[in-house]
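The exercises below concern cysteines, strand pairing, a loop residue and internal empty space. Please attempt each task before reading its solution.

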Amino acid sequence: MSLKPSLIKFESYSSMNGILSVYESGKGVPFNISRVFSVSAGINQLRGKHAHKKCTQILICITGALEVECDDGKIKQNFKLEQSNVGLVIPPTIWATQRYLVENSVLLALCDMKFDETDY
């Protein structure tokens, strides 16, 4: 896995009645999923604002739109997430801040580790 943030695409199936996006370890997700959580916030609210020492995360905007700023201490990169079949892989030691761009936006996070308060 890369040590830089990177976008990945997941399997997605569209039909007249909706879209199904699939997040599966070994098939799109490059690690075994140990934890899943979701976050929602108001427009222009900032969330995250931290890095992990060991945990790798994939951030997916399952509804709405988010901007994620990633900072490795030398380079800042911005990513816009607005499709449920696109995820942003954030490796350990990358500082990430999410800005919620649209009302009712929801972020889904897939993690390779269970919650560990000392990993922040």
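Notes on the model come first, followed by four exercises with worked solutions.

This is a predicted model, in which local features need pLDDT of at least 70 and side-chain atom pairs count only at pLDDT 80 or more, while totals for chains, interfaces and linings use all residues. Residues are numbered from 1 along each chain as its sequence is written, and side-chain values use heavy atoms, with hydrogens and water left out.

**Exercise 1. Determine how many disulfides the whole structure holds, and examine Cys70 and Cys111.**

Step 1. The criterion is a pair of cysteine sulfur atoms within 2.5 Å. A search of the whole structure yields zero disulfides.

Step 2. Cys70 takes part in no disulfide, the nearest cysteine sulfur being that of Cys55, 14 Å away. Cys70 is also buried (under 20% relative accessible area, where exposed is over 50% and partly exposed lies in between; 1.4 Å probe, protein chains only), with a relative accessible area of 2%.

Step 3. For Cys111, the closest cysteine sulfur is in Cys55 at 4.4 Å, which is too far for a bond. Cys111 is buried, at 0% relative accessibility.

**Exercise 2. Describe the burial and the pairing of strand β8.**

Step 1. Strands are DSSP runs (E, at least two residues), numbered from the N terminus. Strand β8 spans residues 57-63, and five of its seven residues are buried.

Step 2. Two strands pair if DSSP finds at least two bridges between them. Strand β8 runs antiparallel to β11 (residues 86-90), with four bridges; here Ile60 stands opposite Gly87.

Step 3. Six bridges link β8 to β13, again antiparallel. In this pairing, Thr63 has Val106 as its bridge partner.

**Exercise 3. Locate Val102 and list its contacts beyond four places in sequence.**

Step 1. Val102 lies in the loop between β12 (95-100) and β13 (106-111), and is partly exposed at 36% relative accessibility.

Step 2. Although 39 residues separate Val102 from Thr63 in sequence, their C-alpha atoms are 9.0 Å apart.

Step 3. With neighbours within four places set aside, Val102 is in contact (heavy atoms within 4.5 Å) with Ile43, Gly64 and Ala65.

**Exercise 4. State which residues line the largest cavity, and classify them.**

Step 1. Rolling a probe the size of a water molecule over the atoms shows where empty space is left.

Step 2. The lining comprises Arg35, His52, Cys55, Met113, Lys114, Phe115, Asp116, Asp119 and Tyr120. A cavity is a set of points on a 1 Å grid over the protein atoms alone where a 1.4 Å probe fits but cannot get out, and lining residues have an atom within 4 Å of a point.

Step 3. These residues divide into four nonpolar, one polar and four charged, where Met, Phe, Tyr and Cys are among those counted as nonpolar, and Asp, Glu, Lys and Arg count as charged.

Definitions and conventions. 1 Å grid on protein atoms, 1.4 Å probe; cavity = no way out; pocket = protein on both sides within 12 Å on 5 of 7 lines; lining within 4 Å.
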